[in-house]
Every structure is written in structure tokens, then in C-alpha cells.
Amino acid sequence: MRKSFLTILSFLLLYISAFAEKGVYKVYVYFFPVGEVTFDIQNNKAFVKGETYPSFRWIYNYTFRFEASEKGYFLYEKENKKEKVYKNEQILKKKPWLPLIVKYILEGKKPDPEKDRNFPYKIVEKGDKVTIYPLKSKKVKKIILKLSKNNRLPEKIEIEGKIDITLKRIK
């Protein structure tokens with residue numbers, strides 16, 4: 001009885017972990033490491049959180065939580081002492097890179113830009129690199145994902161725009 005319970009429990013844990021992936025990224029602004037971002041993908045939901053390193057918080061203190069599901073997008077951010085909450089289209093204007101990356105990761109293939117008429121983008125896939133061009137963004141020119149062979153979370157994410165940001169996977 002106990003052995004079968006442990007077998008069922010281990011099977012359930014394996015089943016759940018097969019559909020959940022987590023990745024931690026070190027964030028660089030130009031070439032300075034400034035913080036970390038964690039992606040937690042569970043079935044068709046995504047949770048992303050990030051913050052600046054404590055050693056940089058006297059210059060710039062930033063934290064955020066982003067959630068994506070079938071119901072839509074939600075973003076909470078705290079920049080220095082200002083707190084803001086954004087939903088759906090507001091996020092696409094404020095932080096277009098975040099929902100576009102998550103959408104690509106969740107769908108696991110090339111998303112259909114025709115479905116997102118409110119926020120158009122173009123995707124170019126070439127080998128293990130995917131380039132996403134947000135066509136209406138004033139802040140982001142392009143997003144480059146270096147895909148992983150063993151995981152649906154990218155190895156590296158480059159965001160080119162007013163400020164160049166690179167996320168390198170560390171876990």
C-alpha cells in the first residue's frame with residue numbers, strides 16, 4: 001500500500017514538473033549586471049518577476065511581477081517609490097518585450113501576429129535564433145531570443161531599444 005502510494009506520488013510530481021519550467025536570468029544593461037529575472041512557466045500560464053540587485057538600489061530600485069494567462073496580462077511594478085499596475089494593452093505600450101517573449105515561450109512556436117491586431121509585430125526565425133519586431137513600439141526596436149535545445153525557455157534574450165538589455169540564463 002505504501003509503495004503504491006509513493007509510486008503514484010512520484011508519478012504526479014513528474015507529470016506536474018513536465019509541464020512547469022523555471023529559469024533565472026541575470027540582467028545586464030549594456031554590459032553592467034543590474035539584477036535578476038525569473039520566468040516560471042506552468043502549462044498555459046506564465047509568472048515573471050524581477051528586481052535590481054541590492055547594491056544598485058540606491059541608484060535605481062525596480063521590482064516587477066508579470067502574469068500571463070488565457071484571461072490576459074497583469075503587471076505590477078515598483079520603480080523607486082512609485083507603484084503602478086497595468087493590464088493588457090497598457091502593458092503592450094509600457095513593456096512590449098515582456099508579453100511578446102512570454103507569448104512566444106507559451107505557444108512554443110511562431111505565434112500568429114494576425115491575432116494581435118491591436119499590437120502588431122513581426123517574427124523572423126532563423127536556426128536557434130528568433131527575432132521579434134514590435135511594429136508600434138517607440139521603446140523597443142527588436143527582441144532576439146537564443147533558443148535552448150533542452151528547454152522551452154531561451155538561453156539568452158536581447159532587447160534592443162532606447163536602452164539595450166540582455167538577459168542571460170544562469171539556472
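**Exercise 1. Find what share of the 171 residues in the protein chain is buried, and describe the order of its elements.**

Solution.
Step 1. In this predicted model, buried residues account for 36% of the 171 residues in the protein chain.
Step 2. The cut-off used here is that a buried residue has under 20% relative accessible area, while an exposed one has over 50%.
Step 3. The protein chain holds 3 helices and 11 strands.
Step 4. Read from the N terminus, the elements follow the order α-β-β-β-β-β-β-α-α-β-β-β-β-β.

**Exercise 2. Decide how far helix α3 (residues 97-107) is enclosed by the rest of the structure.**

Solution.
Step 1. List the buried residues of α3: W97, L98, P99, L100, I101, V102, K103, Y104 and I105.
Step 2. Set this list against the length of the helix: 9 of the 11 residues of α3 are buried.
Step 3. Helix α3 is therefore largely enclosed by the rest of the structure.

**Exercise 3. Work out which side chains of strand β4 (residues 62-69) are buried and which are not.**

Solution.
Step 1. Sort the side chains by the face they point to, since they alternate along β4.
Step 2. On one face are Y62, F64, F66 and A68, and these are buried.
Step 3. T63, R65, E67 and S69 point to the other face and are not buried.

**Exercise 4. Name the strands that pair with β4 and give the number of bridges in each case.**

Solution.
Step 1. Take strand β3 (residues 45-52): 6 bridges join it to β4, and the two run antiparallel. Within this pairing, F47 stands opposite E67 of β4.
Step 2. Take strand β5 (residues 72-79): 8 bridges join it to β4, again in an antiparallel arrangement.
Step 3. Look at the connection between β4 and β5, which is a hairpin through 2 residues. S69 has G72 of β5 as its bridge partner.

**Exercise 5. Describe the salt bridges of E51, E160 and K156, giving the partner, the distance and the exposure of each residue.**

Solution.
Step 1. Begin with the general idea: side chains of opposite charge can pair when their charged atoms come close. A search of the whole structure finds 7 salt bridges.
Step 2. E51 pairs with R57, and their closest N and O atoms are 3.1 Å apart. E51 is partly exposed because its relative accessible area is 42%. R57, at 29%, also counts as partly exposed.
Step 3. E160 pairs with K142, with 3.9 Å between the closest N and O atoms. E160 belongs to strand β10 and K142 to strand β9 (residues 140-146), so this pair ties together parts that are 18 residues apart in sequence. The relative accessible area is 25% for E160, which is partly exposed. For K142, also partly exposed, the value is 23%.
Step 4. K156 pairs with E158, the closest N and O atoms being 3.7 Å apart. K156 is partly exposed at 27% relative accessibility, and E158 is partly exposed at 23%.
Step 5. Add the network: E77, K94 and K95 are joined into one by salt bridges that share partners.

**Exercise 6. Identify the residues of the positive surface patch and of the nonpolar patch on the surface, and place one residue of each.**

Solution.
Step 1. The positive patch consists of K82, K84, K138, K139 and K162.
Step 2. Place K162: this residue is in the loop between β10 (156-161) and β11 (165-169). K162 is exposed because its relative accessible area is 64%.
Step 3. The nonpolar patch consists of Y30, F31, F32 and I163, which together have about 480 Å² of accessible area.
Step 4. Place F32: this residue is in strand β2 (residues 32-42). At 46% relative accessibility, F32 counts as partly exposed.

**Exercise 7. Is P154 buried or exposed, and how far is P154 from Y25 in sequence and in space?**

Solution.
Step 1. Locate P154 in the loop between β9 and β10.
Step 2. P154 has a relative accessible area of 1%, so this residue is buried.
Step 3. Along the sequence, P154 and Y25 are 129 residues apart. In space, the C-alpha to C-alpha distance between P154 and Y25 is 9.8 Å.

Conventions: Residues numbered from 1 in each chain as written. Predicted model: local features only at pLDDT ≥ 70, side-chain atom pairs only at ≥ 80, totals over all residues. Heavy atoms only, no water. Patch = residues over 30% accessible without salt bridge, like charges linked within 9 Å, V, L, I, M, F, W, Y side chains within 5 Å. Areas by Shrake-Rupley, 256 points an atom, 1.4 Å probe, with all protein chains shown as cover. Salt bridge = Lys/Arg side-chain N within 4 Å of Asp/Glu carboxyl O. Lys, Arg positive; Asp, Glu negative; His and termini not counted. Charge placed at Lys NZ, Arg CZ, Asp CG, Glu CD. Helix = DSSP H or I, 4+ residues; strand = E, 2+ residues; numbered from the N terminus. Buried < 20%, exposed > 50% of the residue type's maximum accessible area, 1.4 Å probe, protein only. Pairing = 2+ DSSP bridges.
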